[in-house]
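Subject: Structure for you to look at

Hello,

Please find the structure below. My notes on what turned up in it follow.

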Protein chains: 10
Amino acid sequence: MSRLAVTEKIIATKVAQGLKWADVAAAVGLSKEWVTAGCLGQMTFTAEQAAVLARLFGLTEAEARWLQVVPYKGSLPTAVPTDPLIYRFYELISVYGSTFKELIHEEFGDGIMSAIDFKMDLQREPDPKGDRVSITMSGKFLPYKTY
Amino acid sequence: MSRLAVTEKIIATKVAQGLKWADVAAAVGLSKEWVTAGCLGQMTFTAEQAAVLARLFGLTEAEARWLQVVPYKGSLPTAVPTDPLIYRFYELISVYGSTFKELIHEEFGDGIMSAIDFKMDLQREPDPKGDRVSITMSGKFLPYKTY
Amino acid sequence: MSRLAVTEKIIATKVAQGLKWADVAAAVGLSKEWVTAGCLGQMTFTAEQAAVLARLFGLTEAEARWLQVVPYKGSLPTAVPTDPLIYRFYELISVYGSTFKELIHEEFGDGIMSAIDFKMDLQREPDPKGDRVSITMSGKFLPYKTY
Amino acid sequence: MSRLAVTEKIIATKVAQGLKWADVAAAVGLSKEWVTAGCLGQMTFTAEQAAVLARLFGLTEAEARWLQVVPYKGSLPTAVPTDPLIYRFYELISVYGSTFKELIHEEFGDGIMSAIDFKMDLQREPDPKGDRVSITMSGKFLPYKTY
Amino acid sequence: MSRLAVTEKIIATKVAQGLKWADVAAAVGLSKEWVTAGCLGQMTFTAEQAAVLARLFGLTEAEARWLQVVPYKGSLPTAVPTDPLIYRFYELISVYGSTFKELIHEEFGDGIMSAIDFKMDLQREPDPKGDRVSITMSGKFLPYKTY
Amino acid sequence: MSRLAVTEKIIATKVAQGLKWADVAAAVGLSKEWVTAGCLGQMTFTAEQAAVLARLFGLTEAEARWLQVVPYKGSLPTAVPTDPLIYRFYELISVYGSTFKELIHEEFGDGIMSAIDFKMDLQREPDPKGDRVSITMSGKFLPYKTY
Amino acid sequence: MSRLAVTEKIIATKVAQGLKWADVAAAVGLSKEWVTAGCLGQMTFTAEQAAVLARLFGLTEAEARWLQVVPYKGSLPTAVPTDPLIYRFYELISVYGSTFKELIHEEFGDGIMSAIDFKMDLQREPDPKGDRVSITMSGKFLPYKTY
Amino acid sequence: MSRLAVTEKIIATKVAQGLKWADVAAAVGLSKEWVTAGCLGQMTFTAEQAAVLARLFGLTEAEARWLQVVPYKGSLPTAVPTDPLIYRFYELISVYGSTFKELIHEEFGDGIMSAIDFKMDLQREPDPKGDRVSITMSGKFLPYKTY
Amino acid sequence: MSRLAVTEKIIATKVAQGLKWADVAAAVGLSKEWVTAGCLGQMTFTAEQAAVLARLFGLTEAEARWLQVVPYKGSLPTAVPTDPLIYRFYELISVYGSTFKELIHEEFGDGIMSAIDFKMDLQREPDPKGDRVSITMSGKFLPYKTY
Amino acid sequence: MSRLAVTEKIIATKVAQGLKWADVAAAVGLSKEWVTAGCLGQMTFTAEQAAVLARLFGLTEAEARWLQVVPYKGSLPTAVPTDPLIYRFYELISVYGSTFKELIHEEFGDGIMSAIDFKMDLQREPDPKGDRVSITMSGKFLPYKTY
């Protein structure tokens with residue numbers, strides 16, 4: 001899959017040049033969460049956004065076109081992730097998944113929180129006992145249709 | 001595992017009596033997120049908390065003791081969840097997991113967001129285009145130790 | 001899970017009494033597709049709908065309440081279904097999945113067809129070379145949000 | 001498998017030249033659903049159809065021959081697909097699979113809907129609340145033979 | 001699933017009474033292959049056939065009705081069978097599967113051998129070097145539809 | 001594994017030159033079933049047979065030697081095959097596996113049908129309702145040894 | 001499966017009465033390896049052997065009949081065994097499997113060692129550095145048939 | 001992993017030159033079982049042994065050093081092996097694994113047969129009804145330590 | 001498996017009576033690590049040890065005999081554990097497993113650390129920044145035998 | 001992933017030059033356990049540490065930068081490791097995992113032993129009956145937060 005090759009070039013260039021995702025996002029003019037996901041091969045860029053990235057990462061025209069094609073999504077190599085940072089999120093679903101389900105249904109009824117009409121914000125939360133990672137997710141509630 | 005039997009009794013009683021998790025949490029005096037997780041067999045209650053739950057759900061003394069034993073955690077029947085609401089969270093990790101990793105490391109260096117020293121708040125976010133589910137997670141950052 | 005027990009009672013009663021799903025759906029006043037899915041433990045009924053089903057299948061009051069609780073969805077025992085009828089649908093995704101993806105993105109851009117805001121109609125299509133099964137699915141297109 | 005190499009060349013050329021599957025299908029003279037599936041390595045072309053594709057995508061004679069060989073079918077990298085668009089179809093089978101089974105058997109008796117003598121049509125369905133994806137599938141019913 | 005209970009009762013009765021599948025099939029008036037598959041919960045009987053089986057195996061009326069309901073098919077507990085006799089068939093597919101594919105396509109073009117419009121005959125083939133099991137399978141060829 | 005490379009060369013040459021397995025088998029002087037399986041990397045050829053194949057497919061001397069080495073057998077990429085033609089055989093085992101077991105044991109007692117001392121014949125069976133694929137398998141019965 | 005129930009009764013009786021497999025085998029008049037495998041539900045007994053076992057383990061007539069029915073074989077709960085003693089054998093196959101293959105083919109050509117026409121002897125081998133387990137396996141070589 | 005490359009070179013050279021494992025073992029001065037396992041990447045050679053192999057297989061100095069590094073063991077591509085010869089050993093564990101366990105514990109108590117302090121001898125056993133493969137395994141019994 | 005029933009009775013009694021593993025171990029006269037493992041169904045007790053446990057947990061004579069039978073070991077329900085405490089140990093193997101391998105081989109050569117001739121000590125390690133869990137494992141090194 | 005390429009270069013250089021991990025660790029000035037894990041691609045080095053490694057292993061500047069990027073952790077190719085040395089650790093978790101859980105909870109209450117704020121020491125423990133591997137692990141106890 002050629003999008004994968006573009007993703008690998010972006011990552012290798014980022015390491016070689018010491019770029020930061022926050023700076024890449026600022027150049028694109030969108031949140032660091034969405035832009036990083038896009039650079040990692042999970043989102044689709046417009047021609048203008050792709051042009052910015054092409055400049056930053058030295059992409060060819062063909063590579064820039066791949067950024068505008070909807071990718072086959074899924075960024076992890078195994079169904080249960082082995083990386084400790086990512087695993088902790090998987091563990092949260094394992095431990096809290098039934099709680100998410102109960103509380104969302106108690107508040108909204110049958111349906112889901114959209115993972116498509118979705119946004120996310122990740123921040124450092126200073127704390128004297130050790131700083132914390134704070135993540136706020138917001139997804140539209142989609143009720144099951146009756147017919 | 002006997003804790004499972006207590007969990008099933010709590011859920012069956014809740015359905016039969018039309019209780020709400022928010023009310024159960026208020027009776028216990030803690031957040032609805034943590035109390036629901038505990039009632040679903042994922043957290044450990046103190047003797048006082050267990051007594052409140054025993055009263056609400058008509059538990060025997062032995063059943064109340066099980067609430068005070070640390071459970072074998074994990075609330076889902078399969079590694080990849082089939083329930084659509086819970087799957088959407090799994091999908092978020094699949095799509096955004098590498099983004100979580102990049103951004104947390106960019107901000108904090110090598111380490112993880114704790115899933116133990118962790119709290120969560122789930123709210124309805126009114127929106128004219130359809131209300132949204134808003135989830136704020138806060139976990140302590142734990143840096144990898146060098147030795 | 002008690003909803004499972006209610007589902008099994010409904011199925012056993014249906015076999016014993018020779019009921020048809022189409023008649024059950026007519027009594028409930030909704031499509032046969034949605035009502036059958038609900039009776040098989042995948043959808044949530046209102047109190048009125050549950051009362052109709054309780055009468056048809058001889059359910060107790062407690063059993064009728066379970067019909068009004070959002071179930072843990074997923075109706076198949078294995079990730080790859082063994083039943084030939086159901087497998088053929090799985091095969092269609094295996095063979096045509098990438099085609100669905102290409103054509104929906106070509107028409108709509110990045111996003112998905114909702115499986116929640118979704119309806120379905122299943123009909124017999126008479127054909128001199130052998131009647132055909134005709135299934136029409138309609139799901140709202142949900143575009144990926146940029147932020 | 002060499003067919004895979006031809007598929008990858010077709011996709012790369014399509015991105016580079018900005019072709020549309022609908023136009024490719026029109027050139028071949030068949031539906032966009034079947035032609036796209038074929039270009040993605042799931043169907044077998046005739047010599048004439050392969051010649052059209054060879055012209056469009058700049059294929060060599062050997063590559064065009066591969067298009068006329070029956071491929072090893074199956075277009076997805078994992079048993080449970082990770083891509084959100086394709087997963088939604090998998091979820092529909094998980095949630096509605098037993099419903100498909102009940103309703104088809106109620107109407108036709110024991111047998112299956114063919115995935116071979118099968119056709120499909122995918123259209124945009126305009127809707128003021130948001131356009132919808134409409135998919136109509138038609139497969140011959142095949143009754144189980146008694147002997 | 002109640003059909004499973006009927007299957008287990010049939011098997012237990014067969015062991016207790018020392019019945020033979022060949023005799024059961026003769027009573028039903030169909031091949032031993034199809035009748036055995038049906039008694040093992042894989043096929044659907046007519047009311048008349050079910051009545052014969054009810055008499056042979058001492059089934060109740062409700063149990064006989066279950067024999068007339070299309071079952072969820074698949075008779076093996078694991079994806080790769082552990083029983084040596086059944087495994088040998090799985091091994092044949094592993095070793096000869098690509099050969100089946102090449103030769104059927106060479107003879108018939110793209111399509112499949114039906115597993116639905118299918119019949120089978122299993123016989124002892126006397127041989128001085130040790131008798132052989134002879135299995136003849138016959139399935140209708142179904143060509144892939146172009147549209 | 002180098003045998004794999006020889007297999008791929010044989011297949012690519014076959015496509016490029018439009019050879020038929022039946023003709024290859026005739027040149028080797030054995031059945032089309034066994035010769036195809038061998039060319040697909042599942043059987044071991046003698047030096048004479050390998051020389052014939054080397055001539056037909058333009059193999060080097062080293063490649064011809066690989067044809068005489070016993071290969072690591074198993075020709076399918078996944079435990080449950082995704083290709084529809086091959087899957088139908090897997091489905092037959094899933095549905096009829098317990099029937100094979102019952103009928104072979106009823107006729108022969110405890111033991112297996114050999115997949116080694118085994119032969120197979122695949123033919124077109126003309127039929128006015130659509131031609132059929134007919135496969136006859138013959139494997140020596142091997143009784144379990146008591147000791 | 002009722003044979004399982006008979007197996008469990010045999011094991012429970014053996015623990016309760018402190019029987020030894022060697023004594024059971026002596027009573028049956030065959031090797032301890034084959035008799036133990038049979039008592040654990042993997043082999044088929046004759047009526048005479050079953051009568052001996054029925055007396056030893058207090059089996060009913062129906063239970064004794066089950067011992068004469070060919071069982072669904074496979075005695076382990078998972079594909080990769082967790083028990084350390086049994087795992088070591090699995091590890092030997094993982095480490096030495098390709099060696100078995102090379103040496104048997106070097107000596108015999110293409111074929112297998114039969115697991116059906118097979119016998120085994122397990123003995124204590126005294127050794128001053130710690131006694132050893134000695135296992136001798138003997139299986140008929142079965143050459144692949146050419147046809 | 002570079003050891004893999006050395007293993008592949010050894011195998012390719014062996015095929016090209018028509019060497020036998022028995023001769024390789026004789027040159028090294030150890031059993032054919034251990035030397036073959038080592039050449040297949042499962043054991044660690046001394047400098048002297050590696051020098052012999054380097055001469056036989058034309059290895060470079062760097063390649064010879066890799067033979068002296070402890071490899072990551074495990075010589076099979078899947079958890080359940082597909083090759084018929086190797087599968088038969090897996091089947092023996094599936095069928096006889098619980099028998100191994102019972103008999104070794106009956107003789108030795110709790111513990112295991114070592115797969116490390118282990119040796120093996122594989123011989124042809126002439127038999128008028130067909131020669132047999134005879135394998136003798138000897139592993140030290142290791143009792144579980146109590147503390 | 002009856003040992004499982006004894007394990008469950010021991011655990012249920014422990015919860016009901018508020019016993020501590022340390023006290024159970026003291027009564028048995030061995031380490032808390034080994035005795036707990038045994039009570040959880042992983043180790044084999046002597047008649048004397050079983051008598052102590054029978055008194056503590058109110059076991060019948062038959063239940064006490066089961067404690068003296070070598071169990072089928074493995075105490076976790078899934079290959080990758082879901083419980084966060086146990087998962088951390090699995091993660092350590094995932095992250096540090098290749099390090100264990102390199103360092104043990106560097107120090108000892110080819111071989112393993114025995115998991116049978118093994119002991120373990122688990123202690124609280126006071127620390128002003130938060131107490132620590134300290135685990136010391138000691139296993140005999142077993143060198144691979146050359147033959 | 002480029003870090004993988006750097007890891008492979010480090011390992012290949014180490015074999016070619018006969019370096020020892022203990023010496024590498026001494027050059028870096030940290031423990032052999034942590035430094036080895038880092039060289040195997042599991043930890044993140046500082047610029048100074050990376051410079052030392054670059055000198056030792058002849059890394060380019062770009063390769064040295066990769067050592068300073070947080071890697072995707074997990075050093076084993078399969079969920080259940082096949083290598084005997086590493087498997088023994090997995091077996092310890094399988095056998096002792098529930099014991100770890102019981103004893104840590106008995107001492108500390110609900111929570112985990114951190115695998116992040118963690119250190120480890122691996123030593124040879126001389127013993128006349130055969131030297132032993134001694135591993136001391138120390139991880140901070142993290143109590144579950146109540147909120």
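Chain C and chain H do not touch: their nearest C-alpha atoms are 18 Å apart. Chain F and chain J have no contact either, and their closest C-alpha atoms lie 16 Å apart. Please keep in mind that this is a predicted model.

Chains C and D are another matter. Chain C can be laid on chain D with an RMSD of 0.0 Å, using a turn of 180° and a shift of 0.0 Å along the axis. That is the relation of a two-fold axis. In chain C, the C-alpha nearest this axis belongs to C:T136, at 2.2 Å. Of the interface residues of chain C, 100% are also interface residues in chain D, so the two copies meet through the same surface.

Next, the sheet shared by chains G and H. In what order do its 4 strands stand? The order is β1(G)-β2(G)-β2(H)-β1(H), the sheet is open, and the pairing is antiparallel. The edges are taken by β1 (111-125) of chain G and β1 (111-125) of chain H; each has a single partner strand, so one side of each is left without a neighbour in the sheet. From one strand to the next, the twist averages 20°. Where the two chains join, 9 bridges link β2 (residues 132-143) of chain G to β2 (residues 132-143) of chain H, and these strands run antiparallel. To find your place there, look for G:V133, which stands opposite H:G139. One rule helps when you look at strands: in a regular strand the side chains alternate between the two faces of the sheet.

Chains A and B also pair through their β2 strands. Here 9 bridges join β2 (residues 132-143) of chain A to β2(B), again in an antiparallel run. A:T136 stands opposite B:T136. On β2(B) there is also pairing within the chain, since 11 bridges join β1 (residues 111-125) of chain B to β2(B), antiparallel as well. In that pairing B:E125 stands opposite B:R132. The hairpin of β1(B) and β2(B) has 6 residues between the strands, and B:G130 takes a positive phi near 125° in it. Is β2(B) enclosed or open to the outside? Of its 12 residues, 10 are buried, so the strand is largely enclosed by the rest of the structure.

A helix in chain D shows a similar picture. In α3 (residues 32-39) of chain D, 7 of the 8 residues are buried, so this helix is largely enclosed by the rest of the structure. The buried ones are D:E33, D:W34, D:V35, D:T36, D:A37, D:G38 and D:C39. What covers them? The cover includes α6 (84-108) of chain C, and from chain D itself α1 (2-17), α2 (21-28), α4 (47-57) and β1 (111-125). After α3(D) comes D:G41, whose phi is positive, near 90°.

Now some single residues, starting with those that carry an annotation. The UniProt record, an unreviewed entry, marks A:R88, A:E91 and A:S114 as "active site".

A:E91 sits in helix α6 (residues 84-108) of chain A. Its relative accessibility is 1%, so A:E91 counts as buried. Leaving aside neighbours within four places in sequence, A:E91 is in contact with B:A115, B:I116, I:P84, I:R88 and J:Y144.

One of those contacts, I:P84, is in helix α6 (residues 84-108) of chain I. I:P84 is buried too, with a relative accessible area of 1%. Beyond four places in sequence, I:P84 touches A:E91, A:V95, B:K73, B:I116, J:I112 and J:Y144.

A:S114 lies in strand β1 (residues 111-125) of chain A. At 2% relative accessibility, A:S114 counts as buried. Not counting residues up to four places away in sequence, A:S114 touches A:G139, A:K140 and A:L142. A polar atom of the A:S114 side chain lies 3.0 Å from the backbone nitrogen of A:I116.

The last residue is A:S31, in the loop between α2 (21-28) and α3 (32-39) of chain A. A:S31 has a relative accessible area of 18%; buried means under 20%, so A:S31 is buried. The side chain of A:S31 reaches the backbone oxygen of C:Y147 at 2.9 Å. Apart from residues up to four places away in sequence, A:S31 touches A:A25 and C:Y147.

Regards

Notes: Residues numbered from 1 in each chain as written. Chains lettered and ligands numbered in written order. Predicted model: local features only at pLDDT ≥ 70, side-chain atom pairs only at ≥ 80, totals over all residues. Heavy atoms only, no water. Pairing = 2+ DSSP bridges. Axes fitted to C-alpha atoms, helices over the stretch in contact; angles between N-to-C directions. Least-squares fit on C-alpha atoms with pLDDT ≥ 70 in both. Contact = heavy atoms within 4.5 Å. Buried < 20%, exposed > 50% of the residue type's maximum accessible area, 1.4 Å probe, protein only. UniProt positions renumbered as here; feature names shortened; annotations may be inferred. Polar contact = N/O pair within 3.5 Å; in protein donor to acceptor, adjacent residues only side chain to side chain.
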